[in-house]
Amino acid sequence: MIRAEALTKRFRDALAVDGLDFTVEPGRVTGFLGPNGAGKSTTMRMILGLDAPTSGRVTVNGHRYATSPAPLREVGALLDAHAIHPGRSARDHLRWLAASNGIPTTRVGEVLELVGLEGVAGRRAGRFSLGMGQRLGIAAALLGDPPVVVLDEPVNGLDPEGIRWVRELARELADEGRTVFISSHLMSEMALMADHLIVIGRGRILADSSMAEFMAQHAASYVRVRTPRLAEARELLVGSGVEVSVEGEELRVSGRGTDAVGELLGGHGLVLHELTQVSASLEEAFMTLTADAVEYHAHSDLTGPAPHAAAGELTGVAS
Amino acid sequence: MTAAVEARTPTPAAATRTPGFVDVLRAEWVKMVSVRSTWWTVATTFLIGAGLTILMCWGNADWLASPEADESPGSFITFGTMFTPILAVIFGALLVTTEYGTRMIHATFAAVPARGKVLTAKALLAGAVMFVVGLVTALVAYAGGNIFFEREGIGIALEGDMLRAVVGGGLALAGMAVFTVAVGFLLRHTAGTISLVLALIMILGNLVNIVPGELGEWLTKLMPGNAVMPVANVVSFNPNLLEPWTGFAVFLAECAAVVAVAWVMLRRRDA
């Protein structure tokens, strides 16, 4: 279990992490989502005691990471897969890690096999592809067979097969009862991997809910209707008690499926040019949610609406 | 909840003992011997230190034995020590700064959150390895160079100042390596660390001489490079420097100061 309490990190002129409160529970995959520069990596570095919080605290299994007698056997982390000496072999990289925490050397062969690198274990890591480096990083994270696993952007640079492998691995680790905390800036990836979602932007929490809840709340769907008799159709639909909005030349109907909408309008002899079920993608929901938190937009909006207001806009469009 | 999870998670590793400083040393040892730069630096130290010395003794033995010689054989038998400190500096720097360069230092401090232990382990290893390398280099240089001196009847016995210089050859390189390890943790940059230490011992060490009067003399004596080297030489290259053991003691104090600053900064700064 990982618990952050009012966790804050201020660099010289910027507030990178701004009072985060969250809990990462064991037995499920928790996705940590946010645009670049949202504070994900800084948060993960504070979990591992690499950066000291300016205020607040973060604990792993109830204590500070640094006080763990054998941290690699308690928390396995992948922070930066390419942070390896290019001249050292994969096996030697894992060997020094194992030695530092009193992990038996036999474990090195085990994790190499687990990530599928046993064939290239003796090769210098500098010659590794992006994906191989990522697998080595994951091998390092699993070396101590830790109950808590923290992976920062683990699918970066992986091919589709590798991405699926990470997804299945994360699932397996969670099913074994471990705490799995995975960061990403890709909503689509998280949607497939995570049970629980923590979304941050500009160092603040924007959402902290189960994946299902998040989907229901943010990925609204509607029926798109195009008809030459727009106003009539709108009146009919409003009259039947559904929510309708007009977007240019089309109507957006929520709360009813295509069948119901088609039958209602067809029953009144209205010609339809289009009748489509549209599901707003989670990616879109995420973009809308974090739009105000993206670094480049930081000063573009002087009124600075609260992030939640931005999330509301999406529902507004659909209703 | 935590306990339940730990119970459900089969961790064969957790059954083993709690790691200690020896494990940190072992990890740093594995790191050190698993990159080529270590072997290149050690081999170059030996080749330059011993090879150059033997070459100089071979080429100058007859002149040193002649009446017109105005130098003693003792200043030639440790000739290589003019250059080997450079390699000890490179060795010490690479142990630390390549980790910062590759950002592998994060993995190191995640594995060993007690950063002082990492500094200590690296300093100990750098010192121990460079002591052995410096000692062997000085011994081979002596043995090889002395062959030519003995042919000319000016051989030096391995005793007194000569024996001290051989041991000192190890001590001086060990000292420079440890000093640079500490600077490496402060600067976190390979080129920066190597240039700074080399500038300090090779350029600034000579430059302070131009400060007029007694102040300049003392500054020259106290500069780390000038303080540490006499212990490795039978006859000091510069007669105005401190006595060998006095100088080495001064250097140790300076080295301890830099290590202490590095230690404090290491604990205070973000990795």
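At what angle do helix α2 (residues 21–33) of chain B and α6(B) pack, and how far apart are their axes? In this predicted model, the two helices meet at about 55°, and their axes are 9 Å apart. Because angles of 65 to 115 degrees count as roughly perpendicular and those under 35 degrees as roughly parallel, α2(B) is oblique to α6(B). The crossing of α2(B) over α6(B) is right-handed. On the α2(B) side, the contact is made by Phe21(B), Val24(B), Leu25(B), Glu28(B), Trp29(B) and Met32(B). The α6(B) side contributes Lys117(B), Val118(B), Ala121(B), Lys122(B), Leu124(B) and Leu125(B).

## The two chains

The table sets out values for each chain.

| Chain | Residues | Helices | Strands | Buried | C-alpha extent along principal axes |
|---|---|---|---|---|---|
| Chain A | 319 residues | 11 helices | 13 strands | 46% of residues | about 75 × 45 × 35 Å |
| Chain B | 271 residues | 11 helices | 0 strands | 44% of residues | roughly 90 × 45 × 30 Å |

In sequence order, the elements of chain B read α-α-α-α-α-α-α-α-α-α-α. Of the contacts in chain B between residues at least 6 apart in sequence, 77% join residues at least 24 apart. For chain A, residues 24 or more positions apart account for 69% of the contacts with a separation of 6 or more.

## Helix α11 of chain B

Helix α11 of chain B covers residues 244–268, which amounts to 25 residues. From its first C-alpha to its last, α11(B) reaches 36 Å, close to the 36 Å expected at 1.5 Å a residue. Its buried residues are Pro244(B), Gly247(B), Phe248(B), Phe251(B), Cys255(B) and Ala262(B). The cover over these buried residues includes α6 (115–151), α7 (160–187) and α10 (224–228) of chain B. Helix α6(B) thus appears both in this cover and in the packing with α2(B).

## An open sheet of 3 strands in chain A

In chain A, 3 strands form an open sheet with antiparallel pairing, in the order β2-β1-β4. The edges are β2 (14–24) and β4 (55–60) of chain A; each has a single partner strand, so one side of each lacks a neighbour in the sheet. Neighbouring strands here are turned against each other by 20° on average, direction ignored. Helix α1 (residues 40–47) of chain A packs on this sheet and touches β1, β2 and β4 of chain A. The direction of α1(A) makes about 115° with that of β1(A). Strand β1 (residues 2–11) of chain A is joined to β2(A) by 7 bridges, and the two run antiparallel. Within this region, Lys9(A) stands opposite Val17(A) in β2(A).

## An open sheet of 4 strands in chain A

Another open sheet of chain A has 4 strands, ordered β11-β12-β10-β13 and paired antiparallel. Strands β11 (243–247) and β13 (274–279) of chain A stand at its edges, each with a single partner strand, so one side of each is left without a neighbour in the sheet. The average turn between neighbouring strands of this sheet is 25°, direction ignored. Between β11(A) and strand β12 (residues 250–254) of chain A there are 5 bridges, with the strands running antiparallel. Val246(A) has Leu251(A) of β12(A) as its bridge partner.

Two helices pack on this sheet. Helix α8 (residues 230–239) of chain A touches β10 (221–226), β11 and β12 of chain A, and its direction makes about 10° with that of β12(A). Helix α9 (residues 258–267) of chain A touches β10, β12 and β13 of chain A, and its direction makes about 155° with that of β13(A).

Key. Residues are numbered from 1 along each chain as its sequence is written. Chains are lettered from A and ligands numbered from 1 in the order in which they are written. This is a predicted model: local features need pLDDT of at least 70, side-chain atom pairs count only at pLDDT 80 or more; totals for chains, interfaces and linings use all residues. A residue is buried if 20 or more other C-beta atoms lie within 10 Å of its own, exposed if 12 or fewer, and partly exposed in between; C-beta atoms are placed from the backbone. Two residues are in contact if their C-beta atoms, placed from the backbone, lie within 7 Å. The expected span of a helix is 1.5 Å times one less than its number of residues. Two strands pair if DSSP finds at least two bridges between them. Axes are lines fitted to C-alpha atoms, for helices over the stretch in contact, and angles run from 0 to 180 degrees between N-to-C directions. Angles under 35 degrees count as roughly parallel, over 145 as roughly antiparallel, 65 to 115 as roughly perpendicular and the rest as oblique. A crossing is left-handed if the near helix is turned anticlockwise from the far one by less than a right angle, and right-handed if clockwise.
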